[in-house]
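Here are a few exercises to work through with the model open beside you. Try each task before you read its solution.

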There are 2 protein chains.
Amino acid sequence: MNLKTLALELGLSPTTVSRALNGYPEVSEATRRRVREAAEAANYHPNTQAKRLATGRAMAIGHIIPISDRHEIVNPVFADFIAGAGEVYARAGYDMVMTIVPDDSEARAYAELRSKGNVDGVLIHAPKVEDHRIAMLDTLGMPYVLHGRVSGSDSAFSWVDVNNKRAFERATNFLLDLGHRRIALINGIGEMDFARRRRRGYEAALKARDMAIDPALIVEGEMTEAQGHDAAREMLQWPDPPTAFLTASLLSAMGARRGIEEAGLVMGRDVSIVTHDDELGYLKNGTAEEPIFTATRSSVREAGRRCAALLIEQIESGDCRPRHELMEAVLVVGQSTGPVPTQ
Amino acid sequence: MNLKTLALELGLSPTTVSRALNGYPEVSEATRRRVREAAEAANYHPNTQAKRLATGRAMAIGHIIPISDRHEIVNPVFADFIAGAGEVYARAGYDMVMTIVPDDSEARAYAELRSKGNVDGVLIHAPKVEDHRIAMLDTLGMPYVLHGRVSGSDSAFSWVDVNNKRAFERATNFLLDLGHRRIALINGIGEMDFARRRRRGYEAALKARDMAIDPALIVEGEMTEAQGHDAAREMLQWPDPPTAFLTASLLSAMGARRGIEEAGLVMGRDVSIVTHDDELGYLKNGTAEEPIFTATRSSVREAGRRCAALLIEQIESGDCRPRHELMEAVLVVGQSTGPVPTQ
DNA sequence: GGAGCTGTCCAAAGCGCTTTGGGCGGGCGA
DNA sequence: TCGCCCGCCCAAAGCGCTTTGGACAGCTCC
């Protein structure tokens, strides 16, 4: 079923049918209703490709996912972010097109997407402290929104981010207030912008109390269960072990807990943990009211929604002035923290 | 830059340029090379929408993801599967388009995708024992491949699946051979086809040794860390607790381990765990050679690749005879299993 | 030397939609 | 009554590509 045959059946011209369906005013309400009903009955949906070609709008948003050996972008956080963004796309009538590329051809993938014209904009994941994608996208002239920020670029772009620095500063202060002095930071990969900001927050809190920063207490890497476990296990064997861990993800926190328990210690009594919690659908920190881990909590799915909304707004308005949205994490207290144990 | 201007610059007709680039024989090698070079230099890529409209091929594969309150499809397994499929799509020149829909309008989403013509086929996730999507897709006449199977349908369709029954039968036998008699099954959601098959495998192994099946030892639900923890914690308080757990995912296994340790027991000595391991990029079972958990291992990312390959083959050949691929899981021995402790 | 290939190229007709630029008749103001 | 506007509708021209149906030269072969 296409426009032409539908128009024929209705005894109207394709023009009128198209206009009726797309809400143009040059068609009487009576015909519009008649057309709408016929379209409904015939389960008619305009052919996407034709529509796209005619309007020049792809009605699709691109996500480029580099696959590398070093770094797994396809992680649980990513999945939830996608889910959030996808909800918004669907409501707005956009497709989400994902391209998996070997990370050495990421730049080419953007350029291709642009020149093939199959997306109206792209969403950028996991920005690094200095991210070459920014400059490239600016030269390509394709609308984009970052999930996160970059520190190393002066270019003005749109982003949605959590206030990572503030969240980790607050978390650190929370632990300091409980009397902890040896606080380990089990962070994400160092070159990631979010990890850098979290570290800055941690360091800022320590500095504000005139405390030295011990580099040995800082671990950076992929935020896995193994990371948390290995770090905790090792540090707890030191002569002056940390009394608290600040971890960057629930998985790392779970690993740290395991390390603590393996050392014959009790989490929340002997050793405290504060973690960041992205509120993943599949990895919950207990219940909302009774969390297991004390955590800085911020929904990454909501971040996905906001990124998508921002990008669509930018595309549809044609107004490319950069927009920002800074989300604040809430600090929820769970069972994983307590006052520093007295010797 | 489009075909017409490129042709003009070259002093050729659009026809010839198109044919040169698409490898048709009616053009001399000399011109073909000239055209290729000019296209390269101008960074010319044919407009996707126009190409699609002209050929009638969408060059895209659809994934429909229902979002519900009851059940989270956006899980780590899903993410890895997508990554695998996406690799193959990219190599074959296909886009991956994902549509997030509220689960009550899933059927409509497929019909729309079909009539809007923006995909050439779809990949079906997480089939249930009886899955209404099969009948619907058959009436729509759109190529599809299932990741998994359905038991309740006689319709002939293509699928890629792990031999879940055999895997869990082997795992159960492995535990039985170690002397375990009270083996708990911490399974996925019961209406899921894979969970049903895993349960059948577990039951078959018990029956083969004339052992009764204790329904109390079977738990079905979302495969989260909490699920494993809660189940283990409760069962270990019974007067006749299980001596082994068979879990359906690494997260559940991690939860079960926590439950075991909370009970003051040692995994691998007092209580054994065998789990299924999907080899997720972000959730590793130790290293390949030295796994933490004894596990039935099968890469879900590889399953994604094979699903994608099957679907593309089906689409491009136009031969819609169903194809199947049954992957076997390997049973790897880790540190989580040992002989049943003597009282 | 002319018929018949063959290799190389092109003009033009779509693909299914949107959009521009009218056409036509009825109601209104002068 | 005439002219004009306005509401409603349509024909036709694209969007950028593929593909059909030749055209034309150079060649072989009898």
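**Exercise 1. Find which residues M98(A) touches, leaving out those up to four places away in sequence.**

Solution. Start with chain A: M98(A) touches H63(A), I65(A), F78(A) and I82(A). Then cross to chain B, where I82(B), M96(B) and M98(B) are touched as well. A contact here means heavy atoms within 4.5 Å. Next, place the residue in its core: M98(A) belongs to the largest nonpolar core, which has 138 residues. Along with M98(A), the residues with the most contacts inside this core are Y89(A), F245(A), Y89(B), M98(B) and F245(B). Such a core is a set of buried Ala, Val, Leu, Ile, Met, Phe, Trp, Tyr and Cys residues joined through side-chain atoms within 4.5 Å. Buried means under 20% relative accessible area, exposed over 50%, and partly exposed in between, with a 1.4 Å probe and protein chains only.

A word on the ground rules: this is a predicted model, in which local features need pLDDT of at least 70 and side-chain atom pairs count only at pLDDT 80 or more, while totals for chains, interfaces and linings use all residues. Residues are numbered from 1 along each chain as its sequence is written, chains are lettered from A and ligands numbered from 1 in the order in which they are written, and side-chain values use heavy atoms, without hydrogens and water.

**Exercise 2. Describe how helix 6 of chain B is covered.**

Solution. First pick out the buried residues of this helix, residues 106-116: E106(B), A109(B), Y110(B), A111(B) and L113(B). Helices (H or I, at least four residues) and strands (E, at least two) are DSSP runs, numbered from the N terminus. Now look at the cover, which includes strand 1 (60-67), strand 2 (95-102), strand 3 (121-124) and helix 7 (132-140) of chain B. Finally, step just past the helix, to G117(B), which has a positive phi of about 65°.

**Exercise 3. Find what R149 lies over in chain A and in chain B.**

Solution. In chain A, R149(A) lies over the face of W159(A), 4.7 Å from the ring centre. In chain B, the charged end of R149(B) sits over the ring of W159(B), also with 4.7 Å to the centre. The rule asks for NZ of Lys or CZ of Arg within 6 Å of the ring centre and within 35 degrees of the ring normal.

**Exercise 4. Work out which residues come nearest to DNA strand C, and which polar contacts chain B makes there.**

Solution. Of the 26 residues around strand C, the nearest are L3(A), S18(A), R19(A), T16(B) and R19(B); a residue is near if one of its heavy atoms lies within 4 Å. Sugar and phosphate make up 57% of the strand C atoms within 4 Å of the protein. Turn to the bases: polar side-chain atoms of T15(B) and R19(B) lie 2.8 Å and 2.5 Å, respectively, from a base nitrogen.

**Exercise 5. Locate phosphate partners on DNA strand D.**

Solution. Begin with T16(A), which has a polar side-chain atom 2.6 Å from a phosphate oxygen. On chain B, an N or O atom in the side chain of S18(B) is 2.5 Å from a phosphate oxygen. S28(A) uses a backbone N or O atom, at 3.2 Å. To finish, note that helix 4 of chain B gives the largest share of the surface near strand D, 4 residues.

Terms used. A polar contact is a pair of N or O atoms within 3.5 Å; within protein, one must be able to donate a hydrogen and the other to accept it, and residues adjacent in sequence count only if both atoms are side-chain atoms.
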